[in-house]
Amino acid sequence: MPNTEPKPTLHVAVGVILREGDLFIAKRQSDQHLAGLWEFPGGKVEADETVLDALKRELYEELGIDVISAAPLIRQRHEYDIRTVVLDCWLVTEFNGEAHGKEGQPTTWAKIEACASTYPMPEPNVHILKALVEYLDQVQ
Ligand SMILES: Nc1nc2c([nH]c(=O)n2[C@@H]2O[C@H](COP(=O)(O)OP(=O)(O)OP(=O)(O)O)[C@@H](O)[C@H]2O)c(=O)[nH]1
Ligand SMILES: [Mg+2]
């Protein structure tokens, strides 16, 4: 039987955390959509939240850091078979605390060039990385 359920659209706050040229990434766990791929930390924006509120909450829940400053980088929409995601990506350059995988997820600081190659990432993340490189080219 074909699946006739409407496909949900998820609005996701995503943190591109940059420290001295490295990005903080986490591996998606076996019970999650796109298990085994590396992601930028983040999660769903709840009904009563701004994207920045959601970003701060998710990065505290997942990594134990307090975001001090973040700015919008790119909004990337992507259709998966089971859901559509709107990834609201923010560049996080200032935070308090030592980022670590609070939910047991493997994490690492990776060079930008290693993201999506050494560390395989979901398809839309390639566009996020491209936006980051373009932004850094402009400001440096
Ligand atoms: N956090 C995050 N999610 C991403 C990235 N790229 C990407 O396609 N996604 C997708 O965005 C959706 C939302 O992520 P999430 O962390 O809130 O969702 P989840 O499915 O893990 O939620 P769950 O904790 O309820 O299982 C997932 O379908 C995830 O696969 C990314 O770089 N970071
Ligand atoms: Mg998440």
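**Close-up views of the annotated site and the ligand 1 shell**

**View 1. The annotated binding site.** In this predicted model, the "binding site" annotation of an unreviewed UniProt entry covers G42 and E62. These positions span 21 residues in sequence, yet no two of their C-alpha atoms are more than 7.7 Å apart, so they gather at one spot.

**View 2. The surroundings of G42.** G42 lies in strand β4, which comprises residues 42-44. The residue counts as buried because it has 23 C-beta neighbours inside 10 Å, and 20 or more are required for that class. When neighbours within four places in sequence are left aside, G42 is in contact with V12, A13, V14 and G15, and also with L55 and E58.

**View 3. The surroundings of E62.** E62 belongs to helix α1, formed by residues 51-63. With 20 other C-beta atoms within 10 Å, E62 is buried. Not counting residues up to four places away in sequence, E62 touches P41, K102 and E103.

**View 4. The shell around ligand 1.** Of the 18 residues around ligand 1, those that come nearest are E39, F40, G42, G43 and P122. Two or more residues of this shell are given by each of the elements β1 (9-19), β4 and β6 (84-96). G42, covered by the UniProt annotation, is thus shown here among the nearest residues to ligand 1.

**View 5. The composition of the shell around ligand 1.** The residues of this shell divide into 9 nonpolar, 6 polar and 3 charged.

How values were computed:
Residues are numbered from 1 along each chain as its sequence is written. Chains are lettered from A and ligands numbered from 1 in the order in which they are written. This is a predicted model: local features need pLDDT of at least 70, side-chain atom pairs count only at pLDDT 80 or more; totals for chains, interfaces and linings use all residues. UniProt positions are given in the numbering used here, feature names are shortened, and annotations may be inferred rather than shown by experiment. Helices (H or I, at least four residues) and strands (E, at least two) are DSSP runs, numbered from the N terminus. A residue is buried if 20 or more other C-beta atoms lie within 10 Å of its own, exposed if 12 or fewer, and partly exposed in between; C-beta atoms are placed from the backbone. Two residues are in contact if their C-beta atoms, placed from the backbone, lie within 7 Å. A residue is near a molecule or strand if its C-beta atom, placed from the backbone, lies within 6 Å of it. Ala, Val, Leu, Ile, Met, Phe, Trp, Tyr, Cys and Pro count as nonpolar, Asp, Glu, Lys and Arg as charged, and the others, Gly among them, as polar.
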